[in-house]
Amino acid sequence: MNWLGAGFASLVAALLGALVGAFAHFEGRRHGIDFPPIVGIVTGLAAALASTSTSGLRGMLVASLAVWAAALAEVLESPARGVVADIIRFNDRLGFARGASYVGCAVVTLLLASRARPQRAPLTPEPADSRR
């Protein structure tokens, strides 16, 4: 499967990374630490480690996933008008600094998720020395 440059393994890894990152963001907010980019870091690394080729489109897809996961974790941690209403009107929660934090989440995710895990170079024998 190759949907927007993301194979099945990288999409599953991104979804799992988004769940783990959203949980970390949720728990962090419960303890007074508000850092949405943690979702992007975990999601982007998970997608990159499961990928075998680089893809900017995959990076954009995963960045969108990470931002939505961070927003959902925030709404679930402190709902104001209800989960659905808070997600629809999430922009009401964002001032300049918080908006910049979510932009940072998207940027870090894009940079990480568009990469691929390092590939090992195949072992090739040394050329024989012809002067023997």
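**Note on salt bridges and helix packing**

1. Glu27 and Arg30 lie 3 residues apart in helix α1, which means that about one helical turn separates them. In this predicted model, the two residues form a salt bridge, with 3.0 Å between the closest N and O atoms. Arg30 has a relative accessible area of 52% and is therefore classed as exposed, since the cut-off for that class is over 50%.

2. Some context for the whole chain may help before the other pairs are discussed. The chain contains 5 helices and 2 strands, and their order along the sequence is β-β-α-α-α-α-α. Of its 132 residues, 32% are buried. The chain exposes about 8300 Å², and carbon and sulfur atoms supply 68% of that area. When contacts between residues at least 6 apart in sequence are considered, 71% of them join residues at least 24 apart.

3. How many salt bridges does a search of the whole structure find? The search finds 10, and the pair of Glu27 and Arg30 described above is a salt bridge within helix α1. In general terms, side chains of opposite charge can pair when their charged atoms come close.

4. A salt bridge also joins the side chains of Arg29 and Glu77, with an N to O distance of 3.2 Å. Because Arg29 belongs to helix α1 and Glu77 to helix α3, this pair ties together parts of the chain that are 48 residues apart in sequence. The two partners fall into separate accessibility classes: Arg29, at 19% relative accessibility, counts as buried, whereas Glu77 is partly exposed, with a relative accessible area of 23%. The value for Arg29 lies under the 20% cut-off, so the residue is placed in the buried class.

5. Arg98 and Glu74 make a further salt bridge, in which the closest N and O atoms are 2.2 Å apart. This pair links distant parts of the chain, given that Arg98 is in helix α5 and Glu74 is in helix α3, 24 residues apart. Is Glu74 buried or exposed? At 2% relative accessibility, Glu74 counts as buried.

6. The pairs in points 4 and 5 belong to a network of salt bridges that links Arg29, Asp34, Glu74, Glu77, Arg81, Asp86, Arg89, Asp92, Arg93 and Arg98. With neighbours up to four places away in sequence left out, Arg29 touches Asp34, Glu74, Glu77, Ser78 and Arg98. On the same basis, Glu74 touches His25, Arg29, Phe90, Arg93, Arg98 and Tyr102.

7. Two packed helices are described by the angle between their axes and the distance between the axes. For helix α3 (residues 56-77) and helix α5 (residues 96-113), the axes come within 7 Å and cross at roughly 145 degrees, and the crossing is right-handed. On the α3 side the contact is made by Gly56, Arg58, Gly59, Met60, Val62, Ala63, Ala66, Val67, Ala70, Ala71 and Glu74, and on the α5 side by Arg98, Tyr102, Cys105, Ala106, Thr109, Leu110 and Ala113. Glu74 and Arg98 are thus named in this helix contact as well as in the salt bridge of point 5.

8. Which residues form a nonpolar patch on the surface? Phe8, Val12, Leu16 and Leu19 do so, and together they have about 410 Å² of accessible area. Leu19 is located in helix α1, which covers residues 8-30, and the residue is exposed, with a relative accessible area of 59%.

9. Thr54 sits in the loop between α2 (37-50) and α3 and is exposed, with a relative accessible area of 62%. Although Thr54 and Arg117 are 63 residues apart in sequence, their C-alpha atoms are 8.7 Å apart in space. Thr54 is in contact with Ser114, Arg115 and Ala116, once its neighbours within four places in sequence are left aside.

Note on methods
Residues are numbered from 1 along each chain as its sequence is written. This is a predicted model: local features need pLDDT of at least 70, side-chain atom pairs count only at pLDDT 80 or more; totals for chains, interfaces and linings use all residues. Side-chain values use heavy atoms; hydrogens and water are left out. Helices (H or I, at least four residues) and strands (E, at least two) are DSSP runs, numbered from the N terminus. Buried means under 20% relative accessible area, exposed over 50%, partly exposed in between (1.4 Å probe, protein chains only). Contact means heavy atoms within 4.5 Å. Accessible areas come from the Shrake-Rupley method with a 1.4 Å probe; for residues, only the protein chains shown count as cover. Patches are made of residues with over 30% relative accessible area and no salt bridge: like charges are joined within 9 Å, nonpolar side chains (Val, Leu, Ile, Met, Phe, Trp, Tyr) within 5 Å. Axes are lines fitted to C-alpha atoms, for helices over the stretch in contact, and angles run from 0 to 180 degrees between N-to-C directions. A crossing is left-handed if the near helix is turned anticlockwise from the far one by less than a right angle, and right-handed if clockwise.
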